[in-house]
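Me: I would like to go through this model and ask, for each label, what earns it. Please set each value beside the cut-off that applies.

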Amino acid sequence: MDSQGITILGSTGSVGRSTLDVIAQHPNRFHIVALTAHRNIELLAEQCHAFNAGFAVTADPENERALQTALKERGANAQVLSGTEGLEEVVALPETNAVMAAIVGAAGLRSSLHAARSGKRLLLANKESMVIAGELFAQTASENNGVIIPVDSEHNALFQALPERFNGDLEACGVEQLILTASGGPFLDTPDAELADITPEQACDHPNWDMGRKISVDSATLVNKGLEVIEAKWLFNARPDQIKVVIHPQSIVHSMVAYRDGSVIAQLGMPDMRTPIAHALAWPARIEAGVQRLHLPDLSRLEFRQPDLQRFPGLKLAYSALAAGGNAPVILNAANECAVQAFLDRRIRFTDIPVLIEQSLQMAAWQQIHELDDVLEADRTGRELAQQEIQSMEHNNA
Ligand SMILES: NC(=O)c1ccc[n+]([C@@H]2O[C@H](COP(=O)([O-])OP(=O)(O)OC[C@H]3O[C@@H](n4cnc5c(N)ncnc54)[C@H](OP(=O)(O)O)[C@@H]3O)[C@@H](O)[C@H]2O)c1
């Protein structure tokens, strides 16, 4: 088969690096067209050199010259581009067959959407863009014959457990429920009284997964699972009542599909993102991912419990935002991104995160979303409201 040209948006991040790890194992199957980063110019230049990338893009135009210098120092020949235009240019290149969308947060929206618009195979890790613009993604991909393959481990598991002929009609396929598993994060059993004093270091120390800082905090608050519920709605055309969440602390069962006849089909594997990444890269083929194999006798027990929505209200807030529709998921996501950053910067407490999301949702006027500009406007509003709340929380906490 012909070698597939891959562009990775966010190659310096956790998912980006794991993607390069899988690609390195299959030099005849894949080659790198373009790699992108925000500010980690040294690593980007190193990756471009190692994978002989045709293009290197920094999302921050201020870093363009530094990137040119870093590439030159390594003898790498990649052409340098920058900004949103640079990201959009590389995803649309004819030599790009598939785009790994692994930028963190709403910052990944435009480039991921442009990949769908260009009819590329979109390997979607950047869940926030699906949360805030799911309908636009679904429409854009179908109008341009684009394929979206979920990389988020839970959605990739659902994709694997759904029938191959799945055409967006869960009822017709006999599906009753999509069951997302959640590890519960590092504070699943932490006493309530200790939650307020949790530090960024503790929150980023996930028991099973090695991930970027933002998603690690999202996992600890369960907001991540809430974002995934919204993501599942758009990826699989599911009603909110068809999407359930179950806590599974071992992170071995990555998600399940429950069918009308009582069957539940699960996808299992070690908690290693290289499995869903390899699956998405090669689908429908299966390739080596370099992951440790599951050794079933070592799994003394697989535990499942109901999520505690009182202790971790982030999940409940996401279901409410999904039910409200319109700009609510965009406000939720924007407020969460601001809150997580403020927590990582030690400006607010861990327990302030859901409070801040709820307040931002309450303050924002409900609006319909018709097009990309509406999403961008709602995103700005959500950030403004959240920043006001952060300032008043800082003041009260001082
Ligand atoms: N990590 C996981 O295991 C995992 C699992 C499932 C889903 N996901 C999802 O995958 C996405 C990436 O997560 P991650 O953990 O890999 O994040 P990460 O380690 O923080 O990496 C983020 C990447 O995005 C780039 N970036 C940051 N801000 C940007 C901006 N404003 N414009 C353009 N690029 C920007 C970063 O570049 P610099 O390095 O230059 O800052 C980096 O390459 C997230 O949406 C996350 O929810 C991650």
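Reply: Start with contact, which means heavy atoms within 4.5 Å. The model is predicted. By that cut-off, Asp60 touches His38 and Arg39, not counting residues up to four places away in sequence.

Me: Where does Asp60 lie, and why is Asp60 called buried or exposed?

Reply: Asp60 lies in the loop between strand 3 (55–58) and helix 3 (64–74). Buried means under 20% relative accessible area. Asp60 has 14% relative accessibility, so Asp60 counts as buried.

Me: Which residues are closest to the ligand, and how many surround it?

Reply: The ligand is surrounded by 24 residues, and the closest are Thr12, His38, Arg39, Asn40 and Glu128. By class, this shell has 11 nonpolar, 9 polar and 4 charged residues.

Me: What makes the approach of Thr12 to the ligand a polar contact?

Reply: A polar contact is a pair of N or O atoms within 3.5 Å. A polar side-chain atom of Thr12 lies 2.7 Å from an oxygen atom of the ligand, so the pair falls within the cut-off. Two backbones also take part: a polar backbone atom of Gly13 is 3.2 Å from a ligand oxygen atom, and a polar backbone atom of Val104 is 3.4 Å from a ligand oxygen atom. On its own the ligand has 890 Å² of accessible area, and the protein covers 85% of that. Helix 1 (14–24) and helix 6 (127–143) are the elements that give two or more residues to the shell around the ligand.

Me: How do you know that Arg274 and Asp21 form a salt bridge?

Reply: The test is a side-chain nitrogen of Lys or Arg within 4 Å of a carboxyl oxygen of Asp or Glu. For Arg274 and Asp21, the closest N and O atoms are 3.3 Å apart, and the pair forms a salt bridge. This pair links distant parts of the chain, with Arg274 in helix 12 (residues 274–282) and Asp21 in helix 1, 253 residues apart. The structure holds 26 salt bridges.

Me: Why do Arg274 and Asp21 get their accessibility labels?

Reply: Arg274 has a relative accessible area of 18%, so Arg274 is buried. Asp21 is at 33%, so Asp21 counts as partly exposed; the limits are under 20% for buried and over 50% for exposed.

Me: What makes Glu154 and Lys225 a salt bridge, and which parts of the chain does the pair link?

Reply: The closest N and O atoms of Glu154 and Lys225 are 2.9 Å apart, and the two form a salt bridge. Glu154 is in helix 7 (residues 153–161) and Lys225 in helix 11 (residues 223–236), 71 residues apart. Both Glu154 and Lys225 are buried.

Me: How do you know that Arg311 and Asp308 meet in a salt bridge?

Reply: Their side chains meet at 3.9 Å, N to O, and the limit is 4 Å. Arg311 is buried, with a relative accessible area of 18%. Asp308, at 36% relative accessibility, counts as partly exposed. Elsewhere, salt bridges that share partners join Lys127, Asp152, Glu154, Lys225 and Glu228 into one network.

Me: Why is helix 7 called mostly covered?

Reply: In helix 7, 7 of its 9 residues are buried. The buried residues are Ser153, Glu154, His155, Asn156, Ala157, Leu158 and Ala161. They pack against strand 7 (147–150), strand 8 (175–182), helix 11, strand 10 (253–259), strand 11 (264–268) and helix 12.

Me: What makes the backbone at Asn145 and Leu222 worth a remark?

Reply: Most residues other than glycine have a negative phi. Asn145 has a positive phi of about 55 degrees although it is not a glycine, and phi of Leu222 is near 70 degrees, also a positive value. Asn145 is in the loop between helix 6 and strand 7. Leu222 is in the loop between helix 10 (213–221) and helix 11. Asn145 is exposed, with a relative accessible area of 67%, whereas Leu222 is buried, with 4%.

Me: What kind of peptide bond joins Trp283 and Pro284?

Reply: A cis peptide bond joins Trp283 and Pro284, with omega about 10 degrees. Most peptide bonds are trans. Pro284 is found in the loop between helix 12 and helix 13 (314–324).

Note on methods
Residues numbered from 1 in each chain as written. Predicted model: local features only at pLDDT ≥ 70, side-chain atom pairs only at ≥ 80, totals over all residues. Heavy atoms only, no water. Near = heavy atom within 4 Å. Polar contact = N/O pair within 3.5 Å; in protein donor to acceptor, adjacent residues only side chain to side chain. Areas by Shrake-Rupley, 256 points an atom, 1.4 Å probe, with all protein chains shown as cover. Helix = DSSP H or I, 4+ residues; strand = E, 2+ residues; numbered from the N terminus. Nonpolar A, V, L, I, M, F, W, Y, C, P; charged D, E, K, R; others polar. Buried < 20%, exposed > 50% of the residue type's maximum accessible area, 1.4 Å probe, protein only.
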